[in-house]
Amino acid sequence: AVVSTQSTGGLTGFALHMLSAVAGVVQQPIQELERSEGVGGMTRGLMRGVSKGIVGVVTKPIGGAAELVANAGEGLLTGAGWLQAPQPLAHSIVQLQHFDSLLRLCVEVLKLPSIV
């Protein structure tokens, strides 16, 4: 069960990296055009954005493939009993929410300036 869960997570991560790479080809030039001013700046921005998009098309699938291999390997090791399955972080999140509530209460009671 752990092997299939890890493999599914790896495939999902790989698919998201591929989607991000394809979206980056369009998104990066648009972002650079929005930041640039003037005709010369727009031309440079467009070229910079296209360059970033092309680099992303190459690098993001490589990262996705590495994540796929890592998750599949972790699933195999966990399934074979050589690696303990990671424990969920739910307990830590509950503690952080409790701390945040206490911090907000202290700020309110002591009438401190709110930084949260």
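These legends go with a set of close-up views of a predicted model.

**View 1. The whole chain, a run of three helices.**
Starting at the N terminus, the elements of the protein chain go α-α-α. That makes three helices and zero strands. The chain has 116 residues, and 17% of them count as buried. Take the contacts between residues at least 6 apart in sequence: 62% of these join residues at least 24 apart. As for the surface, the protein chain exposes about 8,600 Å², with 71% of that coming from carbon and sulfur atoms.

**View 2. Glu32 and its surroundings in helix H1.**
Glu32 sits in helix H1, which covers residues 2-35. Is this residue buried or exposed? Glu32 is buried, since its relative accessible area is 3%, and the cut-off for buried is under 20%. Skip the neighbours within four places in sequence, and Glu32 is still in contact with Gly45, Arg48, Gly49 and Lys52. Two of those names, Arg48 and Lys52, come back in the views below as salt-bridge partners of Glu32.

**View 3. Glu32 with Arg35, a salt bridge inside one helix.**
Here Glu32 pairs up with Arg35, and their closest N and O atoms are 2.8 Å apart. Both residues belong to helix H1, three residues apart, so about one helical turn separates them. The two ends of this pair have contrasting settings: Glu32 is buried at 3% relative accessibility, while Arg35 is exposed at 55%.

**View 4. Glu32 with Arg48, a salt bridge from H1 to H2.**
Glu32 also forms a salt bridge with Arg48, this time with 2.9 Å between the closest N and O atoms. This pair ties together distant parts of the chain, with Glu32 in helix H1 and Arg48 in helix H2. Helix H2 spans residues 38-79, and the two partners are 16 residues apart. How accessible is Arg48? At 42% relative accessibility, Arg48 counts as partly exposed.

**View 5. Lys52 with Glu32, another link between H1 and H2.**
Moving along helix H2, we get to Lys52, which forms a salt bridge with Glu32. Their closest N and O atoms are 2.8 Å apart. Again the pair connects distant parts of the chain: Lys52 is in helix H2, Glu32 is in helix H1, and their positions lie 20 residues apart in the numbering. Lys52 is partly exposed, with a relative accessibility of 38%.

**View 6. The salt-bridge network in one frame.**
Put the previous three views together and you have Glu32, Arg35, Arg48 and Lys52 linked in a network of salt bridges. How many salt bridges does the model have? The count comes to three salt bridges. Glu32 takes part in the bridges to Arg35, to Arg48 and to Lys52.

**View 7. A nonpolar surface patch shared by H1 and H2.**
This close-up leaves the charged residues behind. Val25, Val26, Ile30, Val57, Val58 and Ile62 make up a nonpolar surface patch of about 510 Å². Which helices supply its residues? H1 and H2 each bring at least two residues to the patch. One member worth picking out is Val57, found in helix H2. Val57 counts as partly exposed because its relative accessibility is 39%, and partly exposed runs from the 20% cut-off for buried to the 50% cut-off for exposed.

Definitions and conventions:
Residues are numbered from 1 along each chain as its sequence is written. This is a predicted model: local features need pLDDT of at least 70, side-chain atom pairs count only at pLDDT 80 or more; totals for chains, interfaces and linings use all residues. Side-chain values use heavy atoms; hydrogens and water are left out. Helices (H or I, at least four residues) and strands (E, at least two) are DSSP runs, numbered from the N terminus. Buried means under 20% relative accessible area, exposed over 50%, partly exposed in between (1.4 Å probe, protein chains only). Contact means heavy atoms within 4.5 Å. Accessible areas come from the Shrake-Rupley method with a 1.4 Å probe; for residues, only the protein chains shown count as cover. A salt bridge is a side-chain nitrogen of Lys or Arg within 4 Å of a carboxyl oxygen of Asp or Glu. Patches are made of residues with over 30% relative accessible area and no salt bridge: like charges are joined within 9 Å, nonpolar side chains (Val, Leu, Ile, Met, Phe, Trp, Tyr) within 5 Å.
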